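Okay, everyone, thanks for coming. Let me put the thing up on the screen, and then I'll walk you through it.

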Amino acid sequence: TIANSIAAVEGSTGISADASNSAILGAGTAFQTGTVTLTLGSGGSDATVSAAITSGDVSALATEINGTSGTTGITASASGGVLTLSQADGKDINIADFDNTATTKTVDVRAVDANGDSIAATSKTLTGGGAANTDSTIVTGIVTLDSDSSFSASSSVAAAGNAGSIF
C-alpha cells in the first residue's frame with residue numbers, strides 16, 4: 001500500500017504514514033426495517049451477507065459482516081440504526097448489490113475522515129431492487145502523513161475530476 005511504501009523510508013524522510021478506511025451506513029437516509037442483503041469486498045475475496053434488521057437496530061447485519069471479515073478484510077459495528085464498516089489496511093470498501101425487502105429500499109453511505117467523523121459531502125444513497133448503477137459504491141481509503149518537521153506532498157498524476165490526486 002501507499003502507507004507501507006512511505007513507512008519503509010520513514011527513517012530517511014522522517015515522515016510516517018497511516019492508512020485507514022471507514023464508511024457509515026444509515027447516518028442520512030436510514031435503514032428501513034426488513035432483510036438487508038449486500039456484497040462486501042476490499043480488493044480480495046467478496047462475501048454476500050444478509051440479515052433481518054430494524055430501522056433502530058442493525059446489529060444482526062454487523063454480526064453477519066464480522067463473520068466474513070476473514071474473507072473480506074472488512075469489520076462492522078452497530079450503534080442503533082447506524083452501521084460502521086472499517087478496513088484496517090486502508091483498502092477500498094466495495095459495497096455491491098445492496099437490497100432490502102422493505103418498501104423503501106434505500107440507505108445513505110458516507111466516507112469517514114481521519115478523525116472518525118462522517119463526511120456528508122461524500123454521501124451516496126444506495127437503492128435496492130435492481131436499479132441500474134444505484135445499488136453499489138466504493139469508499140476509498142485515506143492516508144494520513146505526519147512528521148515532527150514541516151513537509152509538503154504533491155503529485156503530478158492527473159485523475160479525472162481530481163487533478164493532482166494520486167487516487
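Before the first sheet, some ground rules: I call two strands paired if DSSP finds at least two bridges between them. Helices (H or I, at least four residues) and strands (E, at least two) are DSSP runs, numbered from the N terminus. And the fine print: this is a predicted model, so local features need pLDDT of at least 70 and side-chain atom pairs count only at pLDDT 80 or more, while totals for chains, interfaces and linings use all residues. Residues are numbered from 1 along each chain as its sequence is written, and side-chain values use heavy atoms, with hydrogens and water left out.

So, the overall inventory. The chain has 4 helices and 13 strands. Of its 167 residues, 33% count as buried; by that I mean under 20% relative accessible area, with exposed being over 50% and partly exposed in between (1.4 Å probe, protein chains only). About 8,500 Å² is exposed by the chain, and carbon and sulfur atoms supply 47% of that. Those areas come from Shrake-Rupley with a 1.4 Å probe, and for residues only the protein chains shown count as cover. On contacts, meaning heavy atoms within 4.5 Å: take the pairs at least 6 apart in sequence, and 57% of them join residues at least 24 apart.

Now the first sheet. Five strands make an open, antiparallel sheet, and the order reads β5-β6-β2-β8-β9. At the edges sit β5 (74–79) and β9 (124–127), each of which pairs on one side only. From one strand to the next, the twist averages 25 degrees. For angles, axes are lines fitted to C-alpha atoms, for helices over the stretch in contact, and the values run from 0 to 180 degrees between N-to-C directions. Helix α3, residues 59–66, packs on this sheet and touches β5 and β6 (82–87), with its direction at about 165 degrees to that of β5.

Zoom in on β2, residues 22–25. It runs antiparallel to β8 (residues 106–111), and 3 bridges join the two. One pairing to look for: isoleucine 24 has arginine 110 in β8 as its bridge partner.

Serine 22 is in β2 as well. Is serine 22 buried or exposed? Buried, because its relative accessibility is 18%. Its side chain makes a polar contact with the side chain of serine 86, at 3.2 Å. For me a polar contact is a pair of N or O atoms within 3.5 Å; within protein, one must be able to donate a hydrogen and the other to accept it, and residues adjacent in sequence count only if both atoms are side-chain atoms. Beyond four places in sequence, the contacts of serine 22 include Leu85, Ile93 and Val139.

Next, the second sheet. This one has 4 strands, also open, in the order β4-β3-β7-β10 with antiparallel pairing. β4 (47–53) and β10 (137–139) each have a single partner strand, so one side of each has no neighbour in the sheet. Neighbouring strands here are turned by 30 degrees against each other on average, direction ignored. And α3 turns up again: it packs on this sheet too, touching β3 and β4, at about 160 degrees to the direction of β4.

β3, residues 34–41, pairs with β4 over 7 antiparallel bridges. Along there, threonine 35 stands opposite alanine 52. Threonine 39 lies in β3 too, and it counts as buried because its relative accessible area is 12%. Its side chain has a polar contact with that of threonine 48, at 2.8 Å.

Among the contacts of threonine 39 is Asp97, which sits in β7. What is the phi of aspartate 97? Near 55 degrees, so a positive value in a residue other than glycine. Most residues other than glycine have a negative phi. Aspartate 97 is partly exposed, at 47% relative accessibility.

Last stop, the interior. A nonpolar core is a set of buried Ala, Val, Leu, Ile, Met, Phe, Trp, Tyr and Cys residues joined through side-chain atoms within 4.5 Å. The largest one has 25 residues, and those with the most contacts inside it include Leu25, Phe31, Leu85 and Ile95. Helix α3 supplies at least two of its residues, and so does each of β2, β3, β4, β5, β6, β7 (93–100) and β8. Leucine 85 itself is in contact with Leu25, Leu40, Ile65 and Ile95, among others.

That's it from me. Over to you.
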